[in-house]
Amino acid sequence: MNIANIADFREAARRRLPHFLFEYIDGGSFAEVTLRRNIEDLEAVSLRQRVLRDVSDIDLSTQLFGQRLAMPVVLAPVGIAGLNARRGECQAVRAAQRAGIPFTLSTVSACSLEEVSAAATAPFWFQLYVIRDRGFMRDLLARAAAAGCSALVFTVDMAVPGTRYRDYRSGLAGAPGLGGKLRRLAQALMRPAWAWDVGVRGKPHALGNIAPLLEDRSGIDDFFAWMGENFDPAIRWSDLDFIRAEWKGPLIIKGILDPEDARQAAALGADGVVVSNHGGRQLDGALSSARALPGIVQAVGDRLTVLADGGVRSGLDVLRMLALGAKGVMLGRAWAYALSAQGEAGVTWLLAIIEAELRVAMGLTGTRCISDVDAGLIAGVSP
Ligand SMILES: Cc1cc2nc3c(=O)[nH]c(=O)nc-3n(C[C@H](O)[C@H](O)[C@H](O)COP(=O)(O)O)c2cc1C
């Protein structure tokens, strides 16, 4: 299948992955209202078509947290991406760094900080969840610093996990023990290319970063059970002091959707926020990122670097998010689909597509560099 855009990658991923894994990536929480809104509200942003402005020389590069990026795009943390393709996080970090953009490693990745660091050629970002065992969190932060991570993304919208109906229907959730295992095995056997690549050649499958806590448990249901037991719903703003004290580099709070929370993040010493609803996987019915973003930029844009994610399915969407006020845009499912479909080459091709689409979108809006992008690009917003 020739891949022209992210919708094609999604379809290729659907054909390649066992059903339960595709549904895990593709799905959202509850009725998936926010998942749909993320995409629809972003698509509804009309950009102004501008002409005769000499766009022969377009520069996509930008600076985020002291780092030069080839374009204002970051690979978002995606859990268990190592199941999408063999040693998936290592493949993705290589593709991101070749494209000159940051890769964010999830706490719950298959490849550990150390394995990804060995595969990387430059610093990457690390995403942290709040785990009950603060001593282990401290160790993780020390490991991230030792691995040379250049920014910490602290995800705060997972105090309790959103229910994902698709995971129940597919047999990923709510089917513990032998019954669930057999269902997933049957689905895996229907995808022999994936089963060989990931199931056989991709071992070991234990979650790299949290392996010491999981001890000898390595099944996918062990992982979800562990998350249920160890994610800390008691997390509150004062916990940021702990993180701030332990982490010396840039601190980015991910999962902010409300201006009040953004102000709190600024007051407690964060360097940036990611406007995000976890890709519509947490509070269903919450505002889309596109709708929430302008209010947050207005509240803290002069103090914090505001990034955004949710529903970005093209380079045009990247420009829309920038026009709404983001300084950088995270891709979630887009790279998960690409990695699932074609591994490292897929992520490389995805980023080439995003780059080309962003370049065209800038050309047709008469914009020559990223610092020129603002709300004036949006039709109906300014003269
Ligand atoms: C399969 C999957 C796993 C995810 N795992 C994590 C994670 O481990 N940590 C995290 O902060 N966000 C996680 N997210 C959320 C993404 O970082 C990002 O916020 C979201 O995917 C953006 O929306 P989009 O998929 O529409 O681009 C995950 C998202 C998906 C789809």
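This is a selection-by-selection tour of a predicted model.

**Whole chain**

Start with the full protein chain, which has 16 helices and ten strands. Its radius of gyration is 20 Å, close to the 21 Å from the globule rule for 383 residues, so the chain is as compact as a globular protein of that length. Along the principal axes, the C-alpha atoms fill a box of roughly 65 × 50 × 40 Å.

Colour by accessibility next. Buried residues account for 56% of the 383 residues. The chain exposes about 15500 Å², and carbon and sulfur atoms supply 54% of that area. If you draw a contact map, consider the contacts between residues at least 6 apart in sequence: 72% of them join residues at least 24 apart.

**The cores**

Select Leu75, Phe103, Phe124, Leu331, Trp335 and Leu350. These residues have the most contacts inside the largest nonpolar core, which has 118 residues. Which helix gives the most to this core? Select helix 16, residues 333-364: it contributes 15 residues.

Now centre on Leu75. Leaving aside residues up to four places away in sequence, Leu75 touches Ala92, Ala96, Ile101, Pro102, Phe103, Thr104, Leu331, Trp335, Val347 and Leu351. Apart from the largest core lies another one, of twelve residues; Val74, Ala76, Ala151 and Ile252 are among them. In soluble globular proteins, nonpolar side chains tend to be buried together.

**A nonpolar patch on the surface**

Show Leu178, Leu182, Leu185 and Leu189 with a surface. Together they form a nonpolar patch with about 430 Å² of accessible area. Zoom in on Leu189, which is found in helix 8, residues 177-189. Is Leu189 buried or exposed? Its relative accessible area is 59%, and the cut-off for exposed is over 50%, so Leu189 counts as exposed.

**Two loop residues and their contacts**

Go to Trp237, in the loop between helix 11 (220-230) and helix 12 (239-246). Trp237 is partly exposed, at 27% relative accessible area. Not counting residues up to four places away in sequence, its contacts are Ile256, Asp261, Gln264, Ala265 and Leu268. Add a distance between the C-alpha atoms of Trp237 and Val156: they are 9.6 Å apart in space, while the two residues are 81 apart in sequence.

Next, select Ser276, in the loop between strand 8 (272-275) and helix 14 (289-300). Ser276 has a relative accessible area of 1% and is buried. What does Ser276 touch, not counting residues up to four places away in sequence? Display Asp157, Lys254, Gly255, Ile256, Leu257, Ser289 and Asp309 to see its contacts. Ile256 is on this list and also among the contacts of Trp237.

**Two positive phi angles**

Finish with the backbone. Most residues other than glycine have a negative phi. Select Leu52, where phi is near 55°, a positive value in a residue other than glycine. Leu52 is found in the loop between helix 3 (33-43) and strand 1 (62-64), and at 87% relative accessibility it counts as exposed.

The last stop is Ile80, whose phi is near 40° and likewise positive. Ile80 lies in the loop between strand 3 (73-75) and helix 4 (88-98). Is Ile80 buried or exposed? At a relative accessible area of 4%, Ile80 is buried, whereas Leu52 is exposed.

How values were computed:
Residues numbered from 1 in each chain as written. Predicted model: local features only at pLDDT ≥ 70, side-chain atom pairs only at ≥ 80, totals over all residues. Heavy atoms only, no water. Patch = residues over 30% accessible without salt bridge, like charges linked within 9 Å, V, L, I, M, F, W, Y side chains within 5 Å. Areas by Shrake-Rupley, 256 points an atom, 1.4 Å probe, with all protein chains shown as cover. Salt bridge = Lys/Arg side-chain N within 4 Å of Asp/Glu carboxyl O. Helix = DSSP H or I, 4+ residues; strand = E, 2+ residues; numbered from the N terminus. Buried < 20%, exposed > 50% of the residue type's maximum accessible area, 1.4 Å probe, protein only. Rg over C-alpha atoms; globule rule 2.2 N^0.38 Å. Contact = heavy atoms within 4.5 Å. Core = buried A, V, L, I, M, F, W, Y, C linked by side-chain atoms within 4.5 Å.
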